[in-house]
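Please look through the structure below slowly, turning it so that you can follow the chain from one end to the other. The report after it takes up one region at a time.

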Amino acid sequence: MEDSVFLTLTQNVLILILILSTPILVVSMVVGLLISIFQAVTQIQESTLTFVPKIIAGILTMIILLPWMLNIFVARTNEMFEYISQLVH
C-alpha cells in the first residue's frame, strides 16, 4: 500500500470520528458550562455535581442522533471500501 493511500484512509477515518463525536461533545460541554454557572451563582462547591448531568445529556444526545450517526457511518464506510476496491483493480 502506498503512503498516500494510507494517509488518505487515515484522514477519512479521523474526519469520520470528528463528525460523529462533535454533537455529543458539544452538548456535554454546554451542559457542563450551565452547571458550572449554576454552581457559581448558588456557591455550591460540589465537584461531582457536573458528571451525572453530562453523562445523561451525552446518552440522550446519542439516542436522539443515533439514526443520523449510523447513516453517516455507513455512507462513509461504503465510500472508503469503494475507494479501496478502485485501488485494487
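What follows is a short report on the helices, the loop and a few chosen residues.

## The model and helix 1

The structure shown is a predicted model, and the description starts with helix 1, which runs over residues 3-42 and so holds 40 residues by the DSSP assignment. From its first C-alpha to its last, helix 1 reaches 56 Å, which is close to the 58 Å expected at 1.5 Å a residue. Helix 1 nevertheless bends by about 40° at Ser21, and a proline, Pro23, follows within four residues.

Several residues of helix 1 are buried, among them Val5, Leu9, Leu16 and Leu20, as well as Ile24, Ser28 and Val31. Gly32, Ile35 and Gln39 also belong to this buried group, and the buried residues of helix 1 pack against helix 2.

## The loop between the helices

Just after helix 1 comes Gln43, which is placed in the loop between helix 1 and helix 2. With a relative accessibility of 65%, Gln43 counts as exposed, because that value lies over the 50% cut-off. The backbone of Gln43 deserves a careful look, since most residues other than glycine have a negative phi. Gln43, by contrast, has a positive phi of about 60° although it is not a glycine.

Thr50 lies in the loop between helix 1 and helix 2 as well, but Thr50 is buried, because its relative accessible area of 11% is under the 20% cut-off. Once neighbours within four places in sequence are left aside, Thr50 is in contact with Ile35 and Gln39, and both of these contact partners are listed among the buried residues of helix 1.

## Helix 2 and its kink

Helix 2 covers residues 51-88, and its end C-alpha atoms are only 48 Å apart, whereas a straight helix of 38 residues would span 56 Å at 1.5 Å a residue. Where is the kink in helix 2? A kink of about 60° lies at Leu65, shortly before the proline Pro67. The C-alpha atoms of Ile64 and Val74, which are ten residues apart along the chain, are separated by 17 Å.

The buried residues of helix 2 are Ala57, Gly58, Thr61, Met69 and Met80, and what covers them includes helix 1. Thr61 can serve as an example from this group: Thr61 counts as buried because its relative accessibility is 10%, which is under the 20% cut-off. Leaving out residues up to four places away in sequence, Thr61 touches Pro23, Ile24 and Val27, and of these Pro23 is the proline that follows the bend at Ser21 in helix 1.

## A nonpolar patch on the surface

Which residues form a nonpolar patch on the surface? The patch is formed by Phe51, Val52, Ile55, Ile56, Ile59, Leu60, Ile63 and Ile64, and together these residues have about 820 Å² of accessible area.

Two members of the patch show how accessibility can be graded. Ile59 lies in helix 2 and counts as partly exposed, because its relative accessibility of 44% falls between the 20% and 50% cut-offs. Ile64 is also found in helix 2, but Ile64 counts as exposed, because its relative accessibility is 65%, over the 50% cut-off.

Note on methods: Residues are numbered from 1 along each chain as its sequence is written. This is a predicted model: local features need pLDDT of at least 70, side-chain atom pairs count only at pLDDT 80 or more; totals for chains, interfaces and linings use all residues. Side-chain values use heavy atoms; hydrogens and water are left out. Helices (H or I, at least four residues) and strands (E, at least two) are DSSP runs, numbered from the N terminus. Buried means under 20% relative accessible area, exposed over 50%, partly exposed in between (1.4 Å probe, protein chains only). Contact means heavy atoms within 4.5 Å. Patches are made of residues with over 30% relative accessible area and no salt bridge: like charges are joined within 9 Å, nonpolar side chains (Val, Leu, Ile, Met, Phe, Trp, Tyr) within 5 Å. Accessible areas come from the Shrake-Rupley method with a 1.4 Å probe; for residues, only the protein chains shown count as cover. A salt bridge is a side-chain nitrogen of Lys or Arg within 4 Å of a carboxyl oxygen of Asp or Glu. The expected span of a helix is 1.5 Å times one less than its number of residues. The bend at a residue is the angle between axes fitted to the seven residues ending there and the seven starting there.
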